[in-house]
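Please find below a short note on this structure, prepared for a reader meeting it for the first time.

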Amino acid sequence: MTERFGARLRAAVDALGPLCVGIDPHPSLLASWGLSDDVKGLEAFARTVGEALAGRVAAIKPQSAFFERFGSKGIVVLESVIRQLRGSGSLVILDVKRGDIGSTAAAYADAYLDPASPLCADAITVSPYLGFGSLRPIIDKAQQNGLGVFVLALTSNPEGASVQRARAADGRTVAQTVIDEISQVNAGVRPLGDVGVVIGATVGETGHELTDLNGPILAPGLGAQGGRPEDLRAVFGSAVANVLPSWSREVLSAGPEVAALRAAAQRARESCASAIVVTA
């Protein structure tokens with residue numbers, strides 16, 4: 001890659017609007033599309049979402065777990081999806097939430113952030129809860145190859161608060177320490193750093209400082225999960241211009257017709273763009 005992930009994401013958002021759509025083939029979604037809950041149904045679902053949205057939204061986020069549950073054949077489908085999407089104009093954010101130490105972290109980096117790998121994406125999601133420093137091999141590999149990393153910070157699941165909002169000896173929350181570490185990695189990078197955070201769109205006013213983050217904010221939870229575009233300012237404040245809102249079920253449930261998927265994505269994009277432009 002000749003251009004860093006942050007710059008490519010900024011260009012994609014400027015061209016296509018602030019929207020990431022998940023590929024989350026839940027069994028219930030497969031059923032609602034009239035597809036079987038097997039590899040054949042998985043392949044048809046993923047192929048249709050790609051056909052409908054590739055090059056039409058800034059980012060597409062396959063959820064690896066829903067492919068992994070079918071074993072090696074599901075991974076083959078995931079590899080095919082990544083090939084289909086990359087180069088379309090939509091960036092691929094692979095939702096894998098990996099995190100480990102030492103050589104294992106390096107192996108995850110090789111799997112998802114090495115251009116020689118069939119699973120290489122434009123960015124991946126990772127967990128920092130073995131210590132932010134444990135992510136160094138993953139971040140280094142991403143930066144080496146012009147790719148990105150989204151680090152979990154404030155997730156919308158209720159169980160997350162007991163860890164993420166716990167306070168360290170210096171009074172900062174665990175989530176704030178993660179945000180501050182990312183701010184250091186992104187310092188001075190223009191137009192946007194390559195390391196971002198994941199903050200749920202449903203967490204409400206966070207009480208966390210995002211001003212110096214200088215990186216993208218992946219905000220899942222809009223639509224069916226209860227998040228609303230008009231709430232983005234309350235959650236993200238002055239950092240709202242760097243938010244990449246993520247919609248899944250509300251867009252995907254419009255399928256299986258390609259035109260209906262495109263229309264649902266267009267509605268979501270317009271709602272988010274209006275909220276972000278008005279409040280940025």
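The points that follow take up the overall form, the surface, the charges and the cysteines.

1. The model is predicted, and the remarks here should be read with that in mind. Its chain contains 12 helices and 8 strands. For 280 residues the globule rule gives 19 Å, and the radius of gyration of the chain, 18 Å, is close to that value, so the chain is as compact as a globular protein of that length.

2. Along the principal axes, the C-alpha atoms occupy a box of roughly 55 × 45 × 40 Å. Contacts were also considered between residues at least 6 apart in sequence: 72% of these join residues at least 24 apart.

3. Buried residues make up 54% of the 280 in the chain. The area that the chain exposes is about 11400 Å², and 51% of this area is supplied by carbon and sulfur atoms.

4. As regards charge, the chain carries 28 negative and 25 positive side chains. The centres of these two sets are 3 Å apart.

5. How many disulfides does the structure hold? The number is 0. Cys 20 takes part in no disulfide, and the nearest cysteine sulfur to its own, that of Cys 272, is 11 Å away. Since a disulfide requires sulfur atoms within 2.5 Å, the separation of 11 Å does not qualify. Cys 272 is likewise in no disulfide, with the sulfur of Cys 20 as its nearest cysteine sulfur.

6. Are these two cysteines buried or exposed? Cys 20 counts as buried because its relative accessibility is 0%, which is under the 20% limit. Cys 272, with a relative accessibility of 0%, also counts as buried.

Key. Residues numbered from 1 in each chain as written. Predicted model: local features only at pLDDT ≥ 70, side-chain atom pairs only at ≥ 80, totals over all residues. Heavy atoms only, no water. Helix = DSSP H or I, 4+ residues; strand = E, 2+ residues; numbered from the N terminus. Rg over C-alpha atoms; globule rule 2.2 N^0.38 Å. Buried < 20%, exposed > 50% of the residue type's maximum accessible area, 1.4 Å probe, protein only. Contact = heavy atoms within 4.5 Å. Areas by Shrake-Rupley, 256 points an atom, 1.4 Å probe, with all protein chains shown as cover. Lys, Arg positive; Asp, Glu negative; His and termini not counted. Charge placed at Lys NZ, Arg CZ, Asp CG, Glu CD.
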